[in-house]
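Here are my notes after a pass through this one. Have the viewer open while you read, and go point by point.

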Amino acid sequence: MLTSIRREVHTFTVLARTALRMARVKPDNDDTVVDAFERIVDAHENRPAIVFEGRTMTYRELECAANRVAHWARAHGLRHGRCAALFMENRPEYLAMWLGLAKTGAHVALINTNLTGAPLVHALTVAEPSLVVVGTELEAAYETARANLSPEPPAWTLGGRGVAGKLDAALSAASSDRPPREWRAGVKTRDKLFYIYTSGTTGNPKAANFSHLRFLSVGGAYTELAAVRPEDRVYCVLPLYHTAGGAIAAMKSAGVDSADR
């Protein structure tokens with residue numbers, strides 16, 4: 001009986017903490033995933049944020065990489081109300097890229113890396129991106145869609161020759177200073193952070209809105225339900241373009257949850 005009581009008390013406590021975390025995230029606030037991430041950087045800048053194939057990136061290093069993306073993207077017109085498309089396989093630069101794009105106040109279309117041809121054209125067309133970032137490993141796949149994109153957005157390739165230009169050189173020349181928060185003026189917690197696409201098994205992939213609110217809420221709930229602690233390491237085997245890999249796992253990789261733990 002004591003064991004059963006302890007189990008029920010533990011379950012109630014976890015659910016209560018989860019509800020409390022989620023209640024702190026208000027749709028009409030102006031707190032975004034970027035704000036939560038920047039608070040984590042300020043508190044834990046030298047702690048590891050990402051470990052990838054023998055490479056470790058601290059929170060400060062991730063922040064500086066994201067800041068360079070933000071300054072570059074802002075110079076190319078990205079801002080609140082506009083969209084950037086990200087077509088790249090899993091690696092630390094993926095997180096730095098969408099964090100940096102979000103720092104401008106824009107939202108990001110996370111494109112399925114398995115798409116080519118007409119489905120890729122559709123995914124890009126419905127997002128109406130102001131620019132596209134392509135990983136060099138997906139240049140050939142992107143080429144299968146270019147001829148049918150109208151209008152064709154400027155496309156920059158990280159690690160390759162690039163359609164509009166080589167992004168590596170542009171980012172290396174950009175500032176690593178944190179952009180002013182005014183760049184995100186007008187962005188509310190309820191607003192879009194991502195377009196995350198359905199699998200497309202019953203037709204073309206459909207772009208679903210994924211808000212700052214949902215990211216922070218899911219993050220807080222997962223942290224409590226899975227009893228994740230700061231010293232834990234989350235091993236992500238899932239694609240970062242979808243919800244489980246790109247939100248739940250990335251939430252802990254980037255150090256973001258609704259309590260800024």
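1. A term to settle before we start: contact here means heavy atoms within 4.5 Å. With that in hand, look at where H5 and H6 touch: Gly117, Leu120, Val121 and Leu124 in H5 meet Ala141, Tyr142, Thr144 and Ala145 in H6. The two helix axes come within 8 Å and cross at roughly 80°. That crossing makes H5 roughly perpendicular to H6.

2. Now the overall picture, keeping in mind that this is a predicted model. The protein has 261 residues, and 48% of them count as buried. Its secondary structure comes to 9 helices and 9 strands. Among contacts with a separation of 6 or more, 69% are between residues 24 or more positions apart.

3. H4 is worth a look. Helix H4 covers residues 92–103, and its 12 residues reach 17 Å from first C-alpha to last, close to the 16 Å expected at 1.5 Å a residue. Is this helix enclosed or exposed? Of its 12 residues, 11 are buried, so H4 is largely enclosed by the rest of the structure. The buried set includes Tyr94, Met97, Trp98 and also Lys103. Just after the helix, Gly105 takes a positive phi of about 95°.

4. Compare your ruler with H3, residues 59–75. At 1.5 Å a residue, its 17 residues should span 24 Å, and the end C-alpha atoms are indeed 24 Å apart, so the two agree. Its buried residues include Tyr59, Leu62, Cys64, Ala66, Val69 and Trp72, with Glu63 and Asn67 also among them. A general reminder for reading such lists: an α-helix has 3.6 residues a turn, so residues three or four places apart point the same way. Gly77, just after H3, has a positive phi of about 90°.

5. The S1–S2 hairpin comes next. Strand S1 (residues 48–52) and strand S2 (residues 55–58) run antiparallel and are joined by 4 bridges. Val51 stands opposite Thr56 in S2. There are 2 residues between the strands, and Glu53 in the turn has a positive phi of about 50°. Glu53 is not a glycine, despite that phi. Its relative accessible area is 74%, so Glu53 counts as exposed.

6. Where else does a glutamate have a positive phi? Glu128 has one of about 50°, although it is not a glycine. Glu128 sits in the loop between H5 and strand S5 (131–135). It has 64% relative accessibility, and over 50% counts as exposed.

7. Check Asn112 too. Its place is in the loop between strand S4 (107–110) and helix H5 (117–127). The cut-off for buried is under 20%, so Asn112 at 13% relative accessibility falls on the buried side. A polar atom of the Asn112 side chain lies 2.8 Å from the backbone nitrogen of Asn114. Leaving aside neighbours within four places in sequence, Asn112 is in contact with Phe87 and Tyr241.

8. Two leftovers around H6. Ala140, in helix H6 (residues 139–146), is exposed at a relative accessible area of 60%. Ala140 and Thr116 are 24 residues apart in sequence and 9.0 Å apart in space, C-alpha to C-alpha. Further on, a cis peptide bond joins Ser150 and Pro151, with omega about 0°. Pro151 lies in the loop between H6 and strand S6 (155–158).

Terms used
Residues numbered from 1 in each chain as written. Predicted model: local features only at pLDDT ≥ 70, side-chain atom pairs only at ≥ 80, totals over all residues. Heavy atoms only, no water. Buried < 20%, exposed > 50% of the residue type's maximum accessible area, 1.4 Å probe, protein only. Polar contact = N/O pair within 3.5 Å; in protein donor to acceptor, adjacent residues only side chain to side chain. Pairing = 2+ DSSP bridges. Expected span 1.5 Å × (residues − 1). Axes fitted to C-alpha atoms, helices over the stretch in contact; angles between N-to-C directions. Parallel < 35°, antiparallel > 145°, perpendicular 65-115°, else oblique.
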